[in-house]
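Trainee: I am new to this structure and would be grateful for a close look at a single part of it. Please take one residue and describe its surroundings.

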Amino acid sequence: MNLARLDLNLVVALRALLEERNVTRAGQRVGLSQPAMSAALARLRRHFDDDLLARVGGHYELTALGQVLLDRTATTCDLLERLFASQADFDPATESREFTLLASDYAVAVFGTELARVVHEEAPGIRLRFTQTPTSVADDTATLLSTTDGLFMPHGVISDFPATDLYDDRWVYLVADDHPEVHDRITHEDLARLPWVTYQRTYDAPAVRQLGMLGIEPRVEVSVDSFQLLPPMVAGTRRVALLQERLARRFVGQAAIRILEPPYEAVPLREALWWHPVHTHDAAHIWLRETAVRVGGAFRGPAGA
């Protein structure tokens, strides 16, 4: 495929046609007349050797290939928009821009709040939009990163994309402060027999893999989609949970829980900011990454400090 011979305007037309499934509405959306959009559809049909839109009764439906292209064109348009929005210079004090960042509720609570505070002070025209990382992150990393400005994720889940380290954390265990069977320490046997409350996504995958290597298979009683729900789900029960220490410390005094050291040398947790290579040399993204690293510098030292 020779990109130099392609009309990139057809990408915009293709997206409008596939999403609107109507030639007239698609033309209105991108500022083309109905005949011009019909001509674009004809060119696209020749290129793909497929109807893309098939008339069914009084309306159009997507063909099988059209359905495949639907998500791909949205991703491609987002990537092209970000590519051509790249800047050689960036002045945070005067620029107006929004950054979309994928993050778990843990990353937002522990790190995102401080990043947002610094951005508020130094770049009043910059907006941050934090979006929950989907469960497909490990399987569809390229697509996710191509449509956002960055991803907060510990090492060990994804790879092969540029990243910069932010701060370190540790895994600790939570039990109820009045747990009848666990006192000053928790044992391998406790972890094997007690019911668990777990975070259902994959961000703690290295820690979970370590448990499997130790022969511990958590008996999951409750699964939630928020790290911050783990402490209240532990309080007043026999359950146990694995949580990042920086977040766990925030619940001391708020939830009736105790923090206990793992009965083994737990894998470390190093949070990083990941991005798509298209952003690497963009001045705005360089500023964002440098700011994130600077904020992470304030997290140096033990997680409980």
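Mentor: The account below concerns E271 and its surroundings. The model is predicted, so local features need pLDDT of at least 70 and side-chain atom pairs count only at pLDDT 80 or more, while totals for chains, interfaces and linings use all residues. Residues are numbered from 1 along each chain as its sequence is written, and side-chain values use heavy atoms, with hydrogens and water left out.

E271 belongs to strand β12, residues 269-274 (strands are DSSP runs of E, at least two residues, and helices are runs of H or I, at least four, numbered from the N terminus). The residue is buried, that is, under 20% relative accessible area with a 1.4 Å probe, protein chains only. E271 nevertheless has no salt bridge, meaning a side-chain nitrogen of Lys or Arg within 4 Å of a carboxyl oxygen of Asp or Glu. R246, the nearest side chain of opposite charge, is 9.2 Å away (Lys and Arg count as positive, Asp and Glu as negative; His and the chain ends are not counted).

A polar atom of the E271 side chain does lie 3.4 Å from the backbone nitrogen of M153. Leaving aside residues up to four places away in sequence, E271 touches Y106, A107, F152, M153, P154, D165, L166 and Y167, where contact means heavy atoms within 4.5 Å.

One of these neighbours, F152, also appears in the largest nonpolar core, where F111, F152 and Y173 have the most contacts among 57 residues. Such a core is a set of buried Ala, Val, Leu, Ile, Met, Phe, Trp, Tyr and Cys residues joined through side-chain atoms within 4.5 Å. Helix α5, residues 105-122, contributes the most to this core, with eight residues.

Conventions:
Buried < 20%, exposed > 50% of the residue type's maximum accessible area, 1.4 Å probe, protein only. Polar contact = N/O pair within 3.5 Å; in protein donor to acceptor, adjacent residues only side chain to side chain.
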